[in-house]
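User: I should like to go through this model by question and answer. Please keep the replies brief and reasoned.

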Amino acid sequence: MMSDKPGNPTNVNLPPQSAAPAAPAAQPAAHSDANWGDFVRRCDDCRNCDLGAGRTNCVVWRGALPAPLMLVGEGPGAQEDLEAKPFVGQSGQLLDLLLQANGLTEQQFHICNIVKCRPPGNRQPTEEEAKACRPLFREQFLFVRPRVILLLGATAYRYFTGRRDGITRVRGQWIENNGYFIMPTLHPAYVLRDNRQRDKIWADVCAVRLKLEQLGLLAPLQFVPAMPQGRKKENN
Ligand code: SF4
């Protein structure tokens, strides 16, 4: 059972088919620029599913490493495939706007996707593709060592948790799993299509910010964040 109140997480065991690692590493991961670089090279060489054949680039990450906050989407789109970075199209611009308005910059988060290669026509990744990419995702997770995870949209929620609940039902509710705090929210592309949903993703980003502060991972904000109304930073 999940909590129906934000900020009141319920500790749950996620099913084995979830992408979530079993528990935080007791020791810091053996992270170095060299072994991270080796990991990225292995991603670039990967052809473990059919998506590898159609990509321009393997899209691994942007942001910080390690990072207290990990944001997870479903897969790269056209712009991401071209630039080899996740969430750099219109959805990413909206997401960055919401994060920055909450004092969250690329120094505080690491962003990636369930699959690293673009599904044709921006379709959802299949079960087989998500499963094929899961070992790389789990390895990346252990490099990042987040405590708080924001799942962007129904597909990321489904493949990360192994659950199939509707995203509109579960968004805004914390899941606590083995010391990780997991927040499902709407995909920013959904908010771009229906701006009436903006207050919901904003509330979830605010809850994530507060959780990072409560865990002592970020200093409290010195201002009251206000929900931005645009789609991207004015100077973008
Ligand atoms: S999506 Fe993942 S598993 Fe499939 S080819 Fe790309 S990196 Fe490999």
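User: How far does H4 reach from its first C-alpha to its last?

Analyst: This is a predicted model, in which local features need pLDDT of at least 70, side-chain atom pairs count only at pLDDT 80 or more, and totals for chains, interfaces and linings use all residues. Residues are numbered from 1 along each chain as its sequence is written. Helices (DSSP runs of H or I, at least four residues) and strands (E, at least two) are numbered from the N terminus. The expected span of a helix is 1.5 Å times one less than its number of residues; for the 12 residues of H4 that is 16 Å, and the reach is close to this, at 17 Å.

User: Which elements are included in what covers the buried residues of H4?

Analyst: A residue is buried if 20 or more other C-beta atoms, placed from the backbone, lie within 10 Å of its own. In H4 the buried residues include Leu94, Leu95, Leu97, Leu98 and Leu99, and also Asp96. Contact is taken as C-beta atoms within 7 Å, and the cover includes S4, H8 (188–193) and H9.

User: Which element supplies the largest share of the shell around the ligand?

Analyst: A residue is near a molecule if its C-beta atom, placed from the backbone, lies within 6 Å of it. Of the 15 residues around the ligand, Cys46, Cys49, Gly52, Cys117 and Cys133 come nearest. Two elements, H2 (51–54) and H5 (127–144), give two or more residues to this shell. The largest share, four residues, comes from H5.

User: At which residue does H5 bend?

Analyst: The end C-alpha atoms of H5 are 24 Å apart, which agrees with the 26 Å that its 18 residues should span at 1.5 Å a residue. A bend is the angle between axes fitted to the seven residues ending at a residue and the seven starting there. In H5 this angle is about 45°, and Pro135 follows within four residues of the bend, which is at Arg134.

User: Which element gives the most to the largest nonpolar core?

Analyst: A nonpolar core is a set of buried Ala, Val, Leu, Ile, Met, Phe, Trp, Tyr and Cys residues joined through C-beta atoms within 7 Å. The largest has 52 residues, with Leu69, Val72, Ile114 and Leu151 making the most contacts inside it. Among the elements that each supply at least two residues are S3, H4 and S4. The most, six residues, comes from H5.

Terms used. A residue is buried if 20 or more other C-beta atoms lie within 10 Å of its own, exposed if 12 or fewer, and partly exposed in between; C-beta atoms are placed from the backbone. Two residues are in contact if their C-beta atoms, placed from the backbone, lie within 7 Å.
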